[in-house]
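Okay, my turn. Let me put the model up on the screen and then we can walk through it.

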Amino acid sequence: MVDLPLPALGAHDLLIRVRVCGVCHTDLHIVEGEIPLPKLPVVPGHQIVGTVEATGLQVQRFHTGDRVGVPWLNWACGTCAYCRRGQENLCAAARFTGYHVDGGYAEFQVTDERFAVPIPAGFGDTAAAPLLCAGVIGYRALRFAGGSAIDRLGLYGFGASAHIALQVARHWDVEVAVFTRNPEHRQLAAALGAQWTGTVGEDPGGPLDSAIIFAPAGELVPAALRALGKGGTLVLAGIHMSPIPQFDYELIWGERVLRSVANATRPDAEQVLTLAAAIPIQTEVETFPLDAANDILLKLKHSTIRAAAVLTCGPAA
Ligand SMILES: [Zn+2]
Ligand SMILES: [Zn+2]
């Protein structure tokens, strides 16, 4: 823990007093240096819920005292080909919270108002935090998996993202099979509406229309392809994955699709927050004080957090 100076504000910036910040697997990849690090030292954390403490001269969307959320996408150029066609998540100049810019494992954070999101009134701070990355990525992965148009979905790994994706899928009347080694995670998945739970390699009762892998384990890819029916999509939702073992063409033959999800756009965040309020999604959250961050990252590494971990950085509501 160190004291840092308060960041300076640009014309479009919000100075946000952080109330809570969700802990994401990406924070672990950053802290352990498993992905290239553009800025060091860096304050991690990209599921920030806080209140606006001060505003830059040209800020219009938010006012002092408003509650805002800050997701992973912290800024995109708005003018490149990707940005112009609605793929700002792929912008080469994009900056990410707690990666290119200091994030929310802190008392204060600064974000351009155009990349902050309002938090629906129905959600408390801690309940809302996991929606900002786990929820957004799960939602984008679900869309790529076929959304409400599929009948049977498989989820591999059951952490913060999967437990939100599961509830959205059930809301869309999609049958869900959850694959995880952790018996406590299987229980939670069943309680949240999963029709089948088991471990990788077990038969979920017939082929799946689509599947999402949330765990950063490449060896899951051939196993998940094996469980997929013809025309099915396998979505890889993590920012990092161990090497994928070689597999026979037969596993992807039959127009099966293998694709990744890279970051998310502002509409993804807005849509999942609206949907979460309408369902309403119950986020399973464990809260911890800010100074426990290193211990919590270790717990996340060993998969001993029940669903989503949230750090309380200030007086949470
Ligand atoms: Zn994240
Ligand atoms: Zn761009």
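Before anything else, what I mean by a cavity: on a 1 Å grid over the protein atoms alone, it's a set of points where a 1.4 Å probe fits but cannot get out, and lining residues have an atom within 4 Å of a point. A volume is the space filled by probe spheres set on those points, which are joined across faces, edges and corners.

Ground rules: this is a predicted model, with local features needing pLDDT of at least 70 and side-chain atom pairs pLDDT 80 or more, while totals for chains, interfaces and linings use all residues. Residues count from 1 along each chain, chains are lettered from A and ligands numbered from 1, both as written, and side-chain values use heavy atoms, no hydrogens or water.

So, there's 1 cavity of 30 Å³ or more, and the volume of the largest comes to about 30 Å³. Its biggest lining share, 3 residues, comes from strand E9; strands here are DSSP runs of at least two residues, helices of at least four, numbered from the N terminus. Among the lining residues are Arg-152, Glu-175 and Trp-196.

Now the zinc ion, ligand 1. Which protein atoms hold it as donors? Cys-24 (SG), His-46 (NE2) and Cys-133 (SG), at 2.0 to 2.2 Å. Donors are N, O and S atoms within 2.8 Å of the metal (3.2 Å for Na, K and Ca), and with water not among the atoms, sites may look incomplete. Cys-24 sits in the loop between E1 and H1, and His-46 in the one between H1 and E2, so the pair ties together parts 22 residues apart in sequence. His-46 is buried, at 0% relative accessibility (buried is under 20% relative accessible area, exposed over 50%, partly exposed in between; 1.4 Å probe, protein chains only). Cys-24, at 12%, counts as buried too.

How values were computed
1 Å grid on protein atoms, 1.4 Å probe; cavity = no way out; pocket = protein on both sides within 12 Å on 5 of 7 lines; lining within 4 Å.
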